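Welcome! Open your viewer, get comfortable, and let us take a short walk through a protein together.

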Amino acid sequence: MSNSGIALAGLRSWAHGLHNDLADEGVYVGHLSIGLPIVPGSGEGDPDALAERWYRLAQARDTFETTVGI
């Protein structure tokens, strides 16, 4: 698990850098951390619920990141 954790941390860091670099151009980059199984009908892990969470993040554009299940 440590290898994938390092890779995911690097990906998050890269996306955060893009978020900062592209904000002045009106481009939004955000990150949704999902810490639970993605299963239809499972509440927060339901794909539609995750899509709604991502949509709210992109619409608000007031933060880089939000988490689910962590």
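Where is the place of Arg61? Select Arg61 and you will land in the loop between α2 (47-60) and β2. Keep in mind as you look that this is a predicted model. Arg61 has a backbone detail to look for: its phi is positive, about 55°, although Arg61 is not a glycine. Is Arg61 buried or partly exposed? With a relative accessibility of 47%, Arg61 counts as partly exposed.

**Stop 1: the whole chain**

Now zoom out and show the chain as a cartoon. You should find two helices and two strands. Starting at the N terminus, follow the elements in the order α-β-α-β. The C-alpha trace spans about 40 × 30 × 15 Å along its principal axes.

Next, show the surface. The protein chain exposes about 4,900 Å², and carbon and sulfur atoms supply 56% of that area. How many of the residues count as buried? Of the 70 residues in the chain, 21% do.

Colour by charge if your viewer can. There are 4 positive and 9 negative charges in the protein chain, and the mean positions of these two groups are 3 Å apart.

**Stop 2: a bridge from helix to strand**

How many salt bridges does a search of the whole structure find? The search finds two. For one of them, select Arg12 and Glu65 and show their side chains. They meet in a salt bridge, with 2.9 Å from N to O. Which parts does this pair tie together? Arg12 belongs to helix α1 (residues 2-22) and Glu65 to strand β2 (residues 65-68), so the salt bridge links parts that lie 53 residues apart in sequence. Turn the view to see how much of each residue reaches the surface. Arg12 is partly exposed at 33% relative accessibility, and Glu65 is partly exposed too, with a relative accessible area of 24%.

**Stop 3: another salt bridge**

Select Arg53 and Glu44. These two form a salt bridge as well, and their closest N and O atoms are 3.9 Å apart. Arg53 counts as partly exposed, at 22% relative accessibility. Glu44 is also partly exposed, with a relative accessible area of 45%.

**Stop 4: inside strand β1**

Move on to Ser33, which sits in strand β1 (residues 31-34). Is Ser33 buried or exposed? Its relative accessible area is 13%, under the 20% cut-off, so Ser33 is buried. Now show what surrounds Ser33. Leaving aside residues up to four places away in sequence, Ser33 touches Glu65, Thr66, Thr67, Val68 and Ile70. You have already met Glu65 at the salt bridge with Arg12.

Contacts between parts that are far apart in sequence also show up across the chain. Among contacts with a separation of 6 or more, 52% come from residues 24 or more positions apart.

**Stop 5: a nonpolar patch**

For the last stop, return to the surface view and select Leu8, Leu11 and Trp14. Together they form a nonpolar patch on the surface, with about 360 Å² of accessible area. Click on Leu11 to look at one member of this patch. Leu11 is found in helix α1 and is partly exposed, with a relative accessible area of 46%. Helix α1 is also where you found Arg12.

How values were computed
Residues are numbered from 1 along each chain as its sequence is written. This is a predicted model: local features need pLDDT of at least 70, side-chain atom pairs count only at pLDDT 80 or more; totals for chains, interfaces and linings use all residues. Side-chain values use heavy atoms; hydrogens and water are left out. Helices (H or I, at least four residues) and strands (E, at least two) are DSSP runs, numbered from the N terminus. Buried means under 20% relative accessible area, exposed over 50%, partly exposed in between (1.4 Å probe, protein chains only). Contact means heavy atoms within 4.5 Å. Accessible areas come from the Shrake-Rupley method with a 1.4 Å probe; for residues, only the protein chains shown count as cover. Lys and Arg count as positive and Asp and Glu as negative; His and the chain ends are not counted. The place of a charge is taken as NZ of Lys, CZ of Arg, CG of Asp or CD of Glu. A salt bridge is a side-chain nitrogen of Lys or Arg within 4 Å of a carboxyl oxygen of Asp or Glu. Patches are made of residues with over 30% relative accessible area and no salt bridge: like charges are joined within 9 Å, nonpolar side chains (Val, Leu, Ile, Met, Phe, Trp, Tyr) within 5 Å.
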